[in-house]
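Thanks for passing this one along. Here are my notes, in the order I would read them with the viewer open.

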Amino acid sequence: MSNTLNDVVEIVDSHLQYGRWNPIIGDTASRLANVFVETAILPSLESANRVILEARQIMASCNSPGETVTPRTGLVCGRVQSGKTSSMTSLAALARDNGFRIVILIAGVTTILVDQNRERLQETLRRASANHSWMMLLNPKAPRNIAEIQAVAQEWGSEIYSEDDRRTLLIIVMKNVTHLGIVAQLLNIALVSAFRAILIVDEAE
């Protein structure tokens, strides 16, 4: 956070109706609830729907993809084994449903943690989505990654593609200054700053 006097910290009661806008629960998030149950990640459809609704509340506290305002930062707290990965997965699904083009997950400080998040998110989101709904990149750095990002950005700006056919870019990156710097550089080179993104930091410090 900056040191300006304009910073405001709000503690939000999860039981209150709160939000800047009303994200939809679209096809991806709706299918995700069923996938949670089918894969035994969550025990029942009721619990899966509750996770989706809580993720919707988190997204409602962010800026909408149509806003051109200062980015907002939020902190979500949860106990160990309380379902944080399911929450992050739900947030990514809702991002696709609501027109965010880029989802960046800063996943952990070790290869093991990053791989655990990657496997869970990628498998679950693919099961919940139509074919070719996502472009998923792990610690991107190769020159070919620039071409891949530019290709998906062309889909976002082209009238040839319907909204359902436009892929969402999911970048999973290690919490490491070198990896983060490379991702920032790739996105700058690919000229995607005009497209809306949501950034999720696991185990924020």
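The points below go from the overall fold to the sheet, then to the helices and the aromatic pairs.

1. **Overall picture.** Please keep in mind that this is a predicted model. The protein has 6 helices and 4 strands, and from the N terminus on these elements follow one another as α-α-α-β-α-β-α-β-α-β. Of its 205 residues, 40% are buried. The accessible surface comes to about 12300 Å², and carbon and sulfur atoms hold 52% of that.

2. **Contacts along the chain.** Where do the contacts fall in sequence terms? Taking those with a separation of 6 or more, 77% are between residues 24 or more positions apart. The sheet and the aromatic pairs below give some examples to look at.

3. **The sheet.** In what order do the strands sit? The 4 strands make an open sheet, arranged β2-β3-β1-β4, with parallel pairing. The edges are taken by β2 and β4 (197–201), and each has a single partner strand, so one side of each has no neighbour in the sheet. On average, neighbouring strands are turned by 15° against each other, direction ignored. As a general reminder, strands of a sheet pair through backbone hydrogen bonds, either parallel or antiparallel.

4. **Strand pairs at the two edges.** At one edge, β2 and β3 run parallel and are joined by 5 bridges; L137 is found opposite I171 of β3. At the other edge, β1 and β4 also run parallel, with 5 bridges joining them. There, I106 has V201 in β4 as its bridge partner.

5. **The two faces of β4.** Which residues of β4 lie on the covered face, and which on the uncovered one? I198 and I200 are on the covered face, while A197, L199 and V201 are on the uncovered one. The general background is that side chains in a regular strand alternate between the two faces of the sheet.

6. **Helix α4.** This helix covers residues 111–128, and its 18 residues should span 26 Å at 1.5 Å a residue; the end C-alpha atoms are 25 Å apart, which agrees. Its buried residues are V114, N117, L121, Q122, T124, L125 and A128. In general, an α-helix has 3.6 residues a turn, so residues three or four places apart point the same way. The buried residues of α4 pack against the helices α1 (27–38) and α3 (84–97), and against the strands β1 (102–106), β2 (134–138) and β3 (168–173).

7. **A polar residue to look at in α4.** N117 belongs to helix α4. Is N117 buried or exposed? Its relative accessibility is 5%, so N117 counts as buried, the cut-off for that being under 20%. Apart from its neighbours within four places in sequence, N117 makes contact with T85, M88, L105, A107 and D202.

8. **Helices α5 and α6.** Helix α5 (residues 143–157) lies across β1, β2 and β3, and runs at about 155° to β2. Helix α6 (residues 177–190) packs on the sheet too, where it touches β1 and β3, and its direction makes about 155° with that of β3. For the 15 residues of α5, a rise of 1.5 Å a residue gives an expected span of 21 Å, and the end C-alpha atoms are 22 Å apart, which agrees. The buried residues in α5 are N145, I146, I149, V152, A153, E155 and W156, and their cover includes β1, β2, β3 and α6.

9. **Aromatic pairs.** How many aromatic pairs does the structure hold? There are 2. W21 and F100 form a tilted pair, 6.4 Å centre to centre with 55° between the planes. W21 sits in the segment before α1 and F100 in the loop between α3 and β1, so this pair ties together parts 79 residues apart in sequence. Both W21 and F100 are buried. W156 and F195 form an edge-to-face pair, 4.8 Å centre to centre with 65° between the planes. That pair links distant parts of the chain, with W156 in helix α5 and F195 in the loop between α6 and β4, 39 residues apart. W156, at 5% relative accessibility, counts as buried, whereas F195, at 24%, counts as partly exposed.

Definitions and conventions. Residues numbered from 1 in each chain as written. Predicted model: local features only at pLDDT ≥ 70, side-chain atom pairs only at ≥ 80, totals over all residues. Heavy atoms only, no water. Expected span 1.5 Å × (residues − 1). Buried < 20%, exposed > 50% of the residue type's maximum accessible area, 1.4 Å probe, protein only. Contact = heavy atoms within 4.5 Å. Areas by Shrake-Rupley, 256 points an atom, 1.4 Å probe, with all protein chains shown as cover. Pairing = 2+ DSSP bridges. Axes fitted to C-alpha atoms, helices over the stretch in contact; angles between N-to-C directions. Phe/Tyr/Trp six-rings, centres within 6.5 Å; stacked < 30°, edge-to-face > 60°.
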